[in-house]
Amino acid sequence: MRSLAAFLPEKPQGGRVVVIGAGKASARMAEAVEAAWGPCEGLVITRYGYGRPTKGIEIIEAAHPVPDAAGAAATARMLDLLGTLREGDFVLALISGGASALLAAPAAGVKLAEKQAVNAALLASGAPIGQMNILRKHISRVKGGQLAAAAWPAQMLALMISDVPGDAPSMIGSGPTVAESSTSADALSVAARWNIPLPASVRSVLTAGSTIIAPGDPRLGRVTNTIYAAPSQSLAAAASAAQAQGYRTIILGDAIEGEARTVAAEHAAAALEHQRGNGAGPLLLLSGGELTVTRTGSGTGGPNAEYCLALALALQGAQGIFALACDTDGVDGAAEVAGAVITPTTLQRAAAAGIDAAAALENNDAHSFFAALNDQVITGPTLTNVNDFRAILVL
């Protein structure tokens, strides 16, 4: 709440002041706004279970990561609200990760069920978030700057929490307040590259040309986009806390992307190499970003849990190496689990319980694997979202 308040201007006077928002952190952000400004008019959409008490701003909960009818209805109401604004009015937009699913307004002619099917296929494809968001934008009436355009000619300030590698504002929540330079042809290329089946209505929209807002459009001339929290800050805070306890730290990167099991193998090799040359006390390897999983099995998992399982297999019980990987929003994949931890005994304990770790990885069943070992990290709603957080302790 303190971090957001530092970026808030004085509450505008004269015209209407409307607060809108979407994302897994948006209700908490709205709560912080009212703590500074008092009760406000507005509407914010967050994930089920992530609501917060507010005085004037209405909080609506909807589904994530696949949109649902509640999100679609709330988005329609938000667009109607923005359509009532005039010159001299002010909009504060609160955007965080998860807004891509929670702002659900399919392009004209596309049914919600068809949008849901495309979104589910993207999530299982292994496509990086940037690629997913290109396709999402071009089959939407709110993404790619269209939400901000709906508020024109009002002034808008968008405060964002980044959950994307590289912190590009256009990628956070699929950029509902940011112009988009990609084309419908680019979206079709994403679908082809990642083998995403497209319903006829979606293909028709993309062939005809979508309604995203291109750079230079005057309807975005009164919009200011500001990122006030990002993954790099979580890693820096963790490094500072570890150093205060006497640990050496290395930040491997805050924008790491790639297949979870591939990155895990790379990090295992790095941990073992550091351990061989580690003569100066314990070392903590930190990293962030957004890993992906190409889903081929029928199990239950997420990128952080799959990373931990693959890491354990790559380390093969190496002594003195421990790790944690979690999504900072408390949800790894679609499960109500933040992630998992591994120790040098992970594979040994699994074998003793009759669990085949390699088979679990092959079946994308990391959540079940760690649940059986009682090694899941379950936080409940964290009310923030700066994406993956990984830590490997090397003794």
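Q: In β10, which residue is the bridge partner of alanine 325?
A: Let's start from the strands of this predicted model. Strand β9 covers residues 321–327 and strand β10 covers residues 339–342, and the two pair in the antiparallel sense over 4 bridges. Within β10, the bridge partner of alanine 325 is alanine 340.

Q: Which residue of β11 is the bridge partner of glycine 339?
A: β10 also pairs with strand β11, residues 376–377, in the antiparallel sense over 2 bridges. In β11, glycine 339 has as its bridge partner valine 377.

Q: Which strands are the edge strands of the open sheet formed by 6 strands?
A: Reading across this open sheet, the order is β3-β2-β1-β4-β5-β6, with parallel pairing. An edge strand here pairs on one side only, and that holds for β3 (58–62) and β6 (223–229).

Q: By how many degrees are neighbouring strands of this sheet turned against each other on average?
A: The sheet in question is the open one whose 6 strands pair in parallel. With direction ignored, its neighbouring strands are turned against each other by an average of 15 degrees.

Q: What is the bridge partner of glycine 21 in β2?
A: Strand β1 spans residues 17–22 and strand β2 spans residues 41–47; they pair in the parallel sense over 5 bridges. For glycine 21, the partner in β2 is valine 44.

Q: At about what angle does helix α2 run to β4?
A: Helix α2, residues 26–37, lies across β1, β2, β3, β4, β5 and β6. Against β4 (90–95), α2 runs at about 140 degrees.

Q: Which helix gives the most to the largest nonpolar core?
A: That core has 55 residues, and Ile20 and Leu135 have the most contacts inside it. Leucine 135, for instance, touches Val118, Leu122, Ala187 and Ile196, among others. The top helix contribution is 5 residues, and it comes from α3 (residues 69–82).

Q: How many residues are in the second, separate core?
A: Including Ala260, Val263, Ile321 and Phe369, this second core is separate from the largest one. Its count of residues is 35.

Q: Are α11 and α12 roughly parallel, roughly perpendicular or oblique to each other?
A: Helix α11 (residues 260–276) and helix α12 (residues 303–315) pack with their axes 8 Å apart, at an angle of about 45 degrees. Angles under 35 degrees count as roughly parallel and 65 to 115 as roughly perpendicular. The angle fits neither range, so α11 and α12 are oblique.

Q: Is the crossing of α11 past α12 left-handed or right-handed?
A: The contact involves residues including Ala260, His267 and Leu272 of α11, and Pro303, Tyr307 and Leu315 of α12. As α11 passes α12, the crossing is right-handed.

Terms used:
Residues numbered from 1 in each chain as written. Predicted model: local features only at pLDDT ≥ 70, side-chain atom pairs only at ≥ 80, totals over all residues. Heavy atoms only, no water. Pairing = 2+ DSSP bridges. Axes fitted to C-alpha atoms, helices over the stretch in contact; angles between N-to-C directions. Contact = heavy atoms within 4.5 Å. Core = buried A, V, L, I, M, F, W, Y, C linked by side-chain atoms within 4.5 Å. Buried < 20%, exposed > 50% of the residue type's maximum accessible area, 1.4 Å probe, protein only. Parallel < 35°, antiparallel > 145°, perpendicular 65-115°, else oblique. Left-handed = near helix turned anticlockwise from the far one by under 90°. Lists of a residue's contacts leave out its neighbours within four places in sequence.
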